Amino acid sequence: MSGHSKWSTIKNKKGKADAARGKVFTKIGRELAVAVKLGGSDPASNSRLRDCIAKAKANNMPNDNITRSIKKAAGELGNINYEELTYEGYGIGGVAVIVETMTDNKNRTVGEVRHAFDKFGGSMGTTGSVSFLFDKKGIIVIDSEAGDEDTVMEAALEAGAEDFTAEDGAYEITTAPEDFSAVREALEGQGYEFLSAELDMVPQTTTNLDAEQQVKFEKMLDMLEDNDDVQNVYHNAELPDEE
């Protein structure tokens, strides 16, 4: 997902993801594989794997696919050589952009990410050049039909959430990154299902673009998100909601 953690944006991105579900599943499968390599194939003792499984379920990835990805990763640990790399820079109009990747070819990935920045009026920066403009947070989104607002809010805050908002037919729960797994598991244990559940980079401020700049910036986002090596793109552009 990209940009703000507001549900309207998540919904837009999930809509695009639904049109390319296979690509989304491939990217989540890569996350599952890395989680298994780092912490083993047992979700009970691997919190990162548990978080990845929750993300997979929120994206409607079938349980069979999840299980198969974990088993495949467990049997091919020696062949998994994905490196996690984060790139930062500015898009057109000074928009701050963070690109998280998992790659087996660093040179290919950095070249393709830089090309996306350059092609649409942006420029890649150095590590730390824009990340200070974002706060890392756990974001959990639950459909408002899941329960009464006060009930869900109480459950979230009791589990350790930092903030709770209700808008666009959904409840958005914000946690500190270190509390994300515990809050998510507590809500999951109470039977709540998630529209989205993942760690996010939330912008502290937003940048406005004119109509022409918006078109260019959205093309850059599309190019990045179509790249198999790119896992997440975060930005602080104030983009209009798509109906």
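Colleague: Let's start with Met61: is Met61 buried or exposed?
Modeller: Keep in mind that this is a predicted model. Buried means under 20% relative accessible area. Met61 has a value of 5%, so this residue counts as buried.

Colleague: Where in the chain does Met61 lie?
Modeller: Two helices flank the spot: α3 covers 47–58, and α4 covers 63–75. Met61 lies between them, in the loop.

Colleague: Which residues does Met61 touch, leaving out those up to four places away in sequence?
Modeller: A contact here needs heavy atoms within 4.5 Å. With those sequence neighbours left out, Met61 touches Phe25, Ile28, Leu32, Ala56, Ile66 and Ser69.

Colleague: And how far apart in space are Met61 and Val24, C-alpha to C-alpha?
Modeller: Along the sequence, 37 residues separate Met61 and Val24. In space, their C-alpha atoms are 8.9 Å apart.

Colleague: On to the strands. How many residues of β2 are buried?
Modeller: Strand β2 runs over residues 96–103, eight residues in total. The strand is mostly covered, and its buried residues number seven.

Colleague: Which residue in the turn between β1 and β2 has a positive phi?
Modeller: β1 (residues 83–90) pairs with β2 in the antiparallel sense over eight bridges, with Tyr90 partnered by Ala96. The two strands form a hairpin, leaving five residues between them. In that turn, a phi of about 75° belongs to Gly93.

Colleague: Which residue in β9 stands opposite Glu100?
Modeller: β2 also runs antiparallel to β9 (residues 230–235), and five bridges join the two. Opposite Glu100, in β9, stands Asn232.

Note on methods
Residues are numbered from 1 along each chain as its sequence is written. This is a predicted model: local features need pLDDT of at least 70, side-chain atom pairs count only at pLDDT 80 or more; totals for chains, interfaces and linings use all residues. Side-chain values use heavy atoms; hydrogens and water are left out. Helices (H or I, at least four residues) and strands (E, at least two) are DSSP runs, numbered from the N terminus. Buried means under 20% relative accessible area, exposed over 50%, partly exposed in between (1.4 Å probe, protein chains only). Two strands pair if DSSP finds at least two bridges between them.
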